[in-house]
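Trainee: Could you take me through one part of this model in close detail? I would like to look at a single helix and the surroundings it packs against.

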Amino acid sequence: MTKFLLFGDLHLKANDPLGTVHNGYNDRLIEKLNKIAILGGIAQQNGCLGIVELGDTFDRVNPPDYIRNLYARAVRTVREKGLWYWRVLGNHETTGGQFAGAGVDTDILSGSGNEYRVFSTPTLV
């Protein structure tokens, strides 16, 4: 049986009202990014093939580049464990045919087969 760990709704943003700024970054943003690595460890310990992120990674269609880059680094830590990472786009990431994180996906996708995929429409896998 193939298993995936599922999670969603990170809503990564620069100014999270629940966090405070330390060293130039909102601590809530860093906490959420660190959870991706923690989830990677949990997925690996439980014999999962990978992680499926169920949308709303970002809080808007065009997040700042530094947030995209921090997210890309976090996902790479999961991929380095040999896990797949699939991301479904949420309502905060799509508008008028655009979707957030296009640059991120190019960075993460290099050299990937099915191990990293972004789904913007219903897809049979």
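Mentor: Happy to. Let us start with the overall layout: this predicted model has three helices and eight strands. Along the sequence they follow the pattern β-β-β-α-β-α-β-β-β-α-β. The chain has 125 residues, of which 39% are buried. Of the contacts between residues at least 6 apart in sequence, 76% join residues at least 24 apart.

The part I would pick is helix α2, which covers residues 65-79. With 15 residues, α2 spans 21 Å from its first C-alpha to its last, close to the 21 Å expected at 1.5 Å a residue. Its buried residues are Ile67, Arg68, Leu70, Tyr71, Ala72, Ala74, Val75 and Val78. Notice that an arginine, Arg68, is in that list.

Now for the sheet behind the helix. Four strands make an open sheet, ordered β1-β4-β5-β8, with parallel pairing. At the edges are β1 and β8 (116-119), each of which pairs on one side only. Neighbouring strands are turned against each other by 15° on average, with direction ignored. Within this sheet, β4 (residues 50-53) and β5 (residues 84-88) run parallel and are joined by four bridges. One residue to look up there is Glu53, whose bridge partner in β5 is Arg87.

Two helices can be placed against this sheet. Helix α1 packs on it and touches β1, β4 and β5, its direction making about 150° with that of β1. Our helix, α2, also packs on the sheet, but its contacts are with β4, β5 and β8, and its direction makes about 140° with that of β5.

Next, the nonpolar core. The largest one has 21 residues, and those touching the most other members are Phe7, Leu12, Leu33, Ile36, Ile51, Tyr71 and Tyr85. At least two residues come from each of β1 (4-7), α1 (27-45) and α2. The biggest contribution is from α2, which gives six residues.

Two leucines show how α2 is wired into its surroundings. Leu33 sits in helix α1 and is buried, at a relative accessible area of 7%. Beyond four places in sequence, Leu33 touches Leu12, Leu70, Tyr71 and Ala74, and Leu70, Tyr71 and Ala74 are among the buried residues of α2. You can also check a backbone distance here: the C-alpha atoms of Leu33 and Ala72 are 9.7 Å apart, although 39 residues separate them along the chain. Leu12, with neighbours within four places set aside, is in contact with Leu29, Lys32, Leu33, Thr57, Phe58, Asp59, Ile67 and Tyr71.

The aromatic rings give another view of α2. A pair of aromatic rings is described by the distance of the centres and the angle of the planes. There are four aromatic pairs by the rule used here. In one of them, Tyr25 and Tyr66 are tilted, at 5.8 Å centre to centre and 45° between the planes. Tyr25 belongs to strand β3 (residues 25-26) and Tyr66 to helix α2, so this pair ties together parts 41 residues apart in sequence. Both rings belong to partly exposed residues: Tyr25 has a relative accessible area of 33%, and Tyr66 is at 32%.

The pair of Phe58 and Tyr71 is edge-to-face, with 5.4 Å between centres and 70° between planes. Here Phe58 comes from the loop between β4 and α2, while Tyr71 is in α2 itself, so the pair ties together parts 13 residues apart in sequence. Phe58 is buried, with a relative accessible area of 0%, and Tyr71 also counts as buried at 0%. Separately, Phe4, Trp84 and Trp86 form one aromatic cluster.

Finally, look at the loop that leads into the helix. Gly55 is found in this loop between β4 and α2 and is buried, with a relative accessible area of 0%. Leaving out residues up to four places away in sequence, Gly55 touches Gly8, Asp9, Val88, Leu89, Gly90 and Glu93. Its C-alpha is 6.6 Å from that of Arg87, which is 32 residues away in sequence; Arg87 is also the β5 bridge partner of Glu53.

Technical notes: Residues are numbered from 1 along each chain as its sequence is written. This is a predicted model: local features need pLDDT of at least 70, side-chain atom pairs count only at pLDDT 80 or more; totals for chains, interfaces and linings use all residues. Side-chain values use heavy atoms; hydrogens and water are left out. The expected span of a helix is 1.5 Å times one less than its number of residues. Buried means under 20% relative accessible area, exposed over 50%, partly exposed in between (1.4 Å probe, protein chains only). A nonpolar core is a set of buried Ala, Val, Leu, Ile, Met, Phe, Trp, Tyr and Cys residues joined through side-chain atoms within 4.5 Å. Contact means heavy atoms within 4.5 Å. Two strands pair if DSSP finds at least two bridges between them. Axes are lines fitted to C-alpha atoms, for helices over the stretch in contact, and angles run from 0 to 180 degrees between N-to-C directions. Rings of Phe, Tyr and Trp (its six-membered ring) pair if their centres lie within 6.5 Å; planes under 30 degrees apart count as stacked, over 60 as edge-to-face and the rest as tilted.
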